[in-house]
Structures are given as structure tokens and as C-alpha cells.
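Student: I'm new to this structure and would like a close look at one part of it. Could you walk me through it slowly?

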Amino acid sequence: MRALKTALAATLLVAAPAALAQQQLSIATGGTGGTYYPYGGGLAELINEHVEGYDAVAEVTGASVENMGLVWRGDSDLALALADTVYQAYNGTGDFEGRQLENIRALASIYPNAVQIVTMADSGIESLADLKGKVVSVGAPGSGTEINASTLLEANGITYDDIDARRLNFNETADAIRDGDIDAGFWSVGPPTSSIMNLATTRDIRLVGLTDEEVANAQGEEPVFAAYQLKAGLYEGMEEPVQSIGIPNVLAVSSEMDEELAYQITKTLFEHTDQLIAIHPAANDTTVEFSVESTPIAFHPGALRYYEEVGAEIADRQRP
């Protein structure tokens with residue numbers, strides 16, 4: 001009997017760690033010079049602290065387009081992506097023509113990105129049209145920035161044939177502007193972003209504004225675009241506001257995610273937003289109101305349960 005008790009105790013000691021093991025969740029974000037990575041890291045901290053039984057980690061990726069594939073294949077559990085990219089993936093249009101990702105669902109829209117076109121203050125580039133003939137970074141391959149840049153340019157009569165396009169990530173774009181290797185670069189990211197902030201502390205920069213007509217042209221091509229004003233003082237030396245366009249960012253998951261897990265993550269996101277704001281100011285826009293107004297695809301049933309609990313009005317198109 002003593003031997004049996006000893007064996008049983010040993011078995012429990014071995015089994016206990018397995019029983020207590022946390023399930024790992026991967027959050028696909030973007031490059032380290034943007035907003036996705038710090039925001040995703042903050043979300044991982046919230047999940048680790050408030051969602052029992054799960055550990056989450058933010059992963060560096062090529063951002064929006066790549067992230068949709070990662071969730072669709074099950075290589076990532078959650079992903080941050082621009083609303084236009086998510087909409088295209090969900091509906092099989094644009095970059096996802098002929099390869100609809102039907103299992104993509106939303107937990108929330110979390111904050112708006114702003115298209116930010118940056119150049120040196122003495123470059124002579126003062127308008128979108130001035131980019132013609134220039135060396136321009138349009139964002140990393142497979143990123144939402146590149147999709148936004150190409151849509152904005154083409155909507156206003158500028159194609160890649162009119163510029164010398166380079167596909168660089170945020171940090172590479174900032175370095176290339178600083179070193180004089182390119183004339184301008186696009187960012188589609190929640191402002192302020194670290195790579196532009198760092199550039200502005202070492203060089204005099206200009207943010208190129210859009211006219212009302214250019215904004216309207218872009219909206220005609222992409223309905224999720226909205227006029228967005230970059231505030232004065234956003235970056236060092238930026239003395240006046242600059243008009244641009246904004247695009248919601250969506251926290252996406254697979255339809256196969258457990259409903260209770262989706263509910264708990266959504267609830268945690270909105271009930272502990274103050275912790276995210278302390279990590280990045282973009283989270284000031286992480287509200288239930290912004291989410292239900294901005295999300296262009298169906299919510300996951302677990303997320304819907306939370307929104308219905310708090311009395312949010314859900315559109316028919318946002319239901320699976």
C-alpha cells in the first residue's frame with residue numbers, strides 16, 4: 001500500500017505541470033517600427049493577465065496581407081490587419097481575387113491607421129503629384145501600407161510607372177529617407193509611430209497633405225477610407241495639421257476559434273483598454289463604438305456575444 005501511495009504521488013507530480021500548462025496563442029502583428037507590434041505586445045500582456053489558461057505572444061510579420069494568410073492557415077491565432085485588406089480577404093476581391101478566405105472573422109476594429117507620406121523638408125515635394133519621377137517607398141511587400149499607397153496613387157492618376165517604387169518596411173523607409181536614398185515614403189500606421197518620430201528628431205521632415213479632391217478620389221476607390229487629420233505637433237517640427245486618409249485596423253481571428261475564448265479576449269480588450277493606452281496612444285480609439293461603426297466583415301460569435309451584452313447595435317453585415 002505504501003508503495004502504491006508513493007507511485008500515485010509521483011504520478012500526480014508528473015501530471016501536475018501538464019494540467020497547468022498554458023495554451024499558447026500567436027498574435028501576428030507587423031514590423032517593429034510600426035504600431036502593430038507594440039499594440040500586439042500589449043494585447044498579449046492583457047491576455048496573459050486576464051484570460052485564464054492562455055499565454056500569448058506578439059510575432060513580427062510582414063503585416064496585413066501576410067497576416068490574413070497566417071490566420072487562414074492556422075499558423076497564427078489572432079492578427080492585426082487593415083480593414084481594406086480584411087475586407088478583400090473576406091470577400092475574395094483585390095489582392096485576394098480568386099482565393100477568398102471564408103473563415104476570417106473579426107473580434108474588433110481597434111484604432112484607425114493614417115496614411116502618412118513623409119519626405120525631407122527641403123525635398124521640394126509638397127503634394128501627391130510631386131511624387132512623379134521620384135524614388136518612393138510604398139511599404140513592405142504584402143503590407144497594408146502598399147495596398148493603401150497603390151490605391152491612393154492610382155485613384156489620383158499616378159501609377160508605379162510614374163515613380164521609382166521601392167518596397168521597404170517602416171524602419172528601412174525612415175533610414176532611406178535619412179540617408180538620401182529615396183525621396184519620400186508611405187506609412188499606413190496608427191500615429192504617432194516610432195520610425196517617423198526617430199527620423200524627425202534627426203532630420204527636418206515634411207508630411208505631405210492631401211486635397212479634398214484627392215481624399216474623395218481615394219474614397220471612390222476604397223469605401224473604408226475616411227478623411228483623417230494628422231494633428232499639429234504630432235512629430236517634431238510639424239507646426240500645422242495635415243489632411244490625410246484613415247483606415248480602421250481590425251483584430252481578426254479564424255471562425256474556428258473557440259467561442260468562449262473569442263468572448264474572453266474581446267471582453268478583456270475593451271475592459272482593460274487603459275493598460276493598452278499606457279503602451280501606445282493609438283489605443284485611445286479602442287472603443288466599442290469605434291469597433292461596431294468601423295468593422296467591415298462579420299464578427300466572430302464570441303465577439304458578438306460581448307457586444308450584445310453591452311448593448312451595442314450590430315449591423316446585419318457584421319453577423320456571420
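Student: What covers the buried residues of α12?

Tutor: Happy to help! Keep in mind that this is a predicted model. The cover over the buried residues of α12 includes β4, α9 (259-271) and α11 (288-294). Helix α12 itself spans residues 301-309, and its buried residues are Gly-302, Ala-303, Leu-304, Tyr-306 and Tyr-307.

Let's stay with Tyr-307. Its ring and that of Phe-299 have centres 4.7 Å apart, and their planes meet at 50°; planes under 30 degrees apart would count as stacked and over 60 as edge-to-face, so this pair is tilted. Phe-299 is buried, and so is Tyr-307. These two belong to one aromatic cluster that also holds Tyr-263, Phe-270 and Tyr-306. Another residue to look for is Arg-305, whose charged end sits over the ring of Tyr-263, 4.0 Å from the ring's centre.

Now step back to the nonpolar core. The largest one has 82 residues, and the members touching the most others are Met-68, Leu-131, Phe-186 and Tyr-307. Strand β4 (residues 104-120), part of the cover over α12, gives this core eight residues, the most of any contributor. A second, separate core has 20 residues, among them Ala-176, Ile-182, Trp-187 and Val-242.

To finish, follow the chain past the end of the helix: after α12 comes Gly-311, which has a positive phi, near 80°.

Conventions: Residues numbered from 1 in each chain as written. Predicted model: local features only at pLDDT ≥ 70, side-chain atom pairs only at ≥ 80, totals over all residues. Heavy atoms only, no water. Core = buried A, V, L, I, M, F, W, Y, C linked by side-chain atoms within 4.5 Å. Buried < 20%, exposed > 50% of the residue type's maximum accessible area, 1.4 Å probe, protein only. Helix = DSSP H or I, 4+ residues; strand = E, 2+ residues; numbered from the N terminus. Phe/Tyr/Trp six-rings, centres within 6.5 Å; stacked < 30°, edge-to-face > 60°. Lys NZ or Arg CZ within 6 Å of the ring centre and 35° of its normal. Contact = heavy atoms within 4.5 Å.
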